[in-house]
Amino acid sequence: MSTVGDRELNGAVGIVHTSIEAVNDGANPYQTLAPLHDYGEAVIMPEGYLAVWGHQACMDIMRSSAWGRHLPDSSIRAAWQHDLTAEQAELLRQEEPPHIAPWLQTFDGPEHARQRSLVSKPFTPRRLQVMRQRTTEVVGRLAAAAPRGVPFDFMSTIAFPIPNQVVGELVGLPLQDRDWFAERAVLLLAERDPRSSFDQLRRSTRAIRELGDYIRGLLRGETCPTEGLASDLLEAEETGARLTEPELLSLMLLMYVAGHGTTAHSMGNGLYVLLQHPDQLAALRADRGLTRSAVEEILRWDSGVTSVDYSAVEDTDIDGIRVPAGTPAHLFLSAANRDPRVYTDPGSFDIRRTEGPTVVFGAGPHFCLGAALARLELEIALDVLLAGFASIELATSTPPRGDSFNYRYFTQLPIVVSDN
Ligand code: HEM
């Protein structure tokens with residue numbers, strides 16, 4: 001068995017540091033991370049956290065009760081935090097909206113299971129069938145309205161409006177308020193990025209407060225409520241499954257935020273990779289039966305969610321490394337999805353690939369609640385766009401990427417389309 005000391009000495013530490021720099025520079029992280037697979041599956045970093053890139057090790061951590069989501073102060077954020085003064089940190093703490101309970105992904109155990117089951121209602125097969133129909137209508141409308149023959153931004157014209165409408169409906173947001181909601185929801189991404197500046201974090205906190213106030217109004221009947229999670233959760237209240245108002249607010253807000261940017265980002269990343277691989281795009285156009293496996297490969301290739309953080313709740317072992325309780329772990333899901341122990345030629349994009357499962361949606365008790373919906377939205381988007389547009393071309397060779405530590409996405413993806 002390796003010891004922490006042995007592991008610190010190996011080259012993996014340097015690669016992890018380089019990959020963090022690469023993320024900071026907006027460079028492609030996959031190339032930087034790939035050599036890590038020569039170094040086992042994980043390493044204890046000098047900063048005190050466990051960096052994990054192996055597919056099996058990621059799965060083991062996410063599925064094990066020895067690991068949880070409560071991140072101690074010495075977490076990744078602290079290790080990589082950019083210059084927040086004690087005063088600024090205190091100010092942020094004071095500005096945190098007191099009327100919103102902790103996010104579902106940040107706690108474990110029976111309380112997590114209880115809240116999770118209440119919020120799972122919209123994902124029954126029957127509801128998903130309805131969502132399929134609605135999503136097809138939404139994508140059809142957006143594609144029909146997109147300009148032909150001149151460049152337009154795929155992200156703001158199609159990729160974001162799809163989940164905005166779909167998850168907006170799922171949560172029960174009135175139609176006229178969904179754009180207002182979406183504008184603020186994107187600001188919340190800063191919260192999970194350890195490099196966010198004080199100003200970004202402050203804007204995020206303000207957005208959480210405004211969105212929380214809005215949902216409180218929705219739940220209290222001040223705005224016109226529509227069918228959706230809001231009514232599900234209120235109904236659950238009536239049948240005795242008690243949730244406090246801060247819990248209701250937190251669950252509804254999370255559902256929108258978790259399902260909005262993630263899905264839009266993966267649509268942008270997916271279209272881009274297909275346009276970069278004309279042979280694969282042609283194969284998909286020729287055999288639309290490949291849509292499902294194409295979506296899986298797009299997600300494996302560049303899902304948009306690059307990492308998640310855990311921490312050891314007891315002394316444990318991972319990949320032969322002794323890990324003391326309280327150790328934070330940073331799981332490079334993006335690297336695990338290209339682990340050569342699981343995928344043949346992991347650096348090639350192949351829409352016929354059948355290996356897996358990927359760790360795109362996490363695993364274990366915190367497995368993504370919206371995985372089926374996200375897959376459905378991606379499949380429908382691909383289907384409708386390929387059926388509707390005879391050609392889709394990039395309007396720039398270097399579309400701008402967003403600057404985020406946990407997410408990988410385009411801020412704009414200019415394309416030109418023509419009709420069939
Ligand atoms: C391609 C799109 C998506 C990706 C890549 C994605 C990825 C993930 C990942 C990796 C996790 C685990 C996070 C963690 O352990 O912290 C997660 C959790 C979650 N996702 Fe998604 N997600 C997507 C779409 C959605 C959608 C559409 C919804 C809902 C409408 C959703 C709702 C959630 C929720 C509620 C959780 C927390 C589950 C829990 O902690 O028990 N996600 N997602």
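This is a conversation between a biologist and a modeller about a predicted model.

Biologist: Let's start with the ligand. What makes Cys368 a donor of the iron atom?

Modeller: Its SG atom lies at 2.3 Å from the iron atom of the ligand. The cut-off for a donor is an N, O or S atom within 2.8 Å of the metal, so Cys368 qualifies, and it is the only protein donor of that iron atom. You will find Cys368 in the loop between helix H17 (333-336) and helix H18.

Biologist: How do you know that Arg69 and His112 make polar contacts with the ligand?

Modeller: The limit is 3.5 Å between N or O atoms. A polar side-chain atom of Arg69 sits 2.5 Å from an oxygen atom of the ligand, and for a polar side-chain atom of His112 the distance to a ligand oxygen atom is 2.8 Å. Both values are within 3.5 Å, so both pairs count as polar contacts.

Biologist: And what makes Ala258 a polar contact of the ligand?

Modeller: Here the backbone does the job: a polar backbone atom of Ala258 is 3.4 Å from a nitrogen atom of the ligand. That is within the 3.5 Å limit, so this pair counts too.

Biologist: Which elements give two or more residues to the shell around the ligand?

Modeller: They are helix H7 (109-119), H14, strand E5 (307-312) and helix H18 (371-388). H14 gives the most, with 7 residues. The shell holds 28 residues, and Arg69, His112, Arg116, His366 and Cys368 come nearest to the ligand. By class, 17 are nonpolar, 9 polar and 2 charged.

Biologist: Now to empty space. What makes the second largest cavity count as a cavity, and how big is it?

Modeller: A cavity is space where a 1.4 Å probe fits but cannot get out. This one has a volume of about 90 Å³, and the model has 4 cavities of 30 Å³ or more. Its lining includes Phe154, Ser266, Met267, Ile298 and Leu385. The elements that give two or more residues to that lining are H14 and H18.

Biologist: How do you know which classes the lining of the second largest cavity contains?

Modeller: Sorting its residues gives 8 nonpolar, 2 polar and no charged ones. Glycine counts as polar, so Gly270 in that lining falls in the polar class.

Biologist: Why is the second largest pocket called a pocket and not a cavity?

Modeller: A pocket is an open set of points, whereas from a cavity the probe cannot get out, so the word tells you that this space is open. The second largest pocket holds about 660 Å³ of space. It is lined by 30 residues, with Phe160, Val186, Leu187, Leu189 and Tyr409 nearest its centre. Among the elements that give two or more residues to this lining are helix H8 (125-145), helix H12 (198-219) and helix H14 (245-276). The lining has 12 nonpolar, 10 polar and 8 charged residues.

Biologist: On to the sheets. How do you know that E4 pairs with E10?

Modeller: Pairing needs at least two bridges. E4 and strand E10 (residues 414-419) have 2 bridges, so they pair, in the antiparallel sense. Phe152 stands opposite Ile415 in E10, and Asp153 has Pro414 as its bridge partner there. On E9, Leu394 stands opposite Ile415, and 5 bridges join E9 to E10, which also run antiparallel.

Biologist: Why are E4 and E9 called edge strands?

Modeller: The open sheet has the order E4-E10-E9. Strand E4 (152-153) and strand E9 (389-394) each have a single partner strand, so one side of each has no neighbour in the sheet.

Biologist: What makes the pairing of E1 and E2 count?

Modeller: E1 and strand E2 (residues 50-52) share 3 antiparallel bridges; at least two are needed, so the pair counts. Val43 stands opposite Ala51 in E2. These strands belong to an open sheet of 5 strands with mixed pairing, in the order E1-E2-E8-E5-E3.

Biologist: Last one: what makes Asp319 and Pro357 worth a look?

Modeller: Most residues other than glycine have a negative phi, and most peptide bonds are trans. Asp319, not a glycine, has a positive phi of about 50 degrees; it lies in the loop between strand E6 (316-318) and strand E7 (321-323). Gly356 and Pro357 are joined by a cis peptide bond, with omega about 0 degrees, and Pro357 lies in the loop between H17 and H18.

Methods: Residues numbered from 1 in each chain as written. Predicted model: local features only at pLDDT ≥ 70, side-chain atom pairs only at ≥ 80, totals over all residues. Heavy atoms only, no water. 1 Å grid on protein atoms, 1.4 Å probe; cavity = no way out; pocket = protein on both sides within 12 Å on 5 of 7 lines; lining within 4 Å. Points joined across faces, edges and corners; volume = space filled by probe spheres on them. Helix = DSSP H or I, 4+ residues; strand = E, 2+ residues; numbered from the N terminus. Near = heavy atom within 4 Å. Polar contact = N/O pair within 3.5 Å; in protein donor to acceptor, adjacent residues only side chain to side chain. Donors = N, O, S within 2.8 Å, 3.2 Å for Na, K, Ca; no water.
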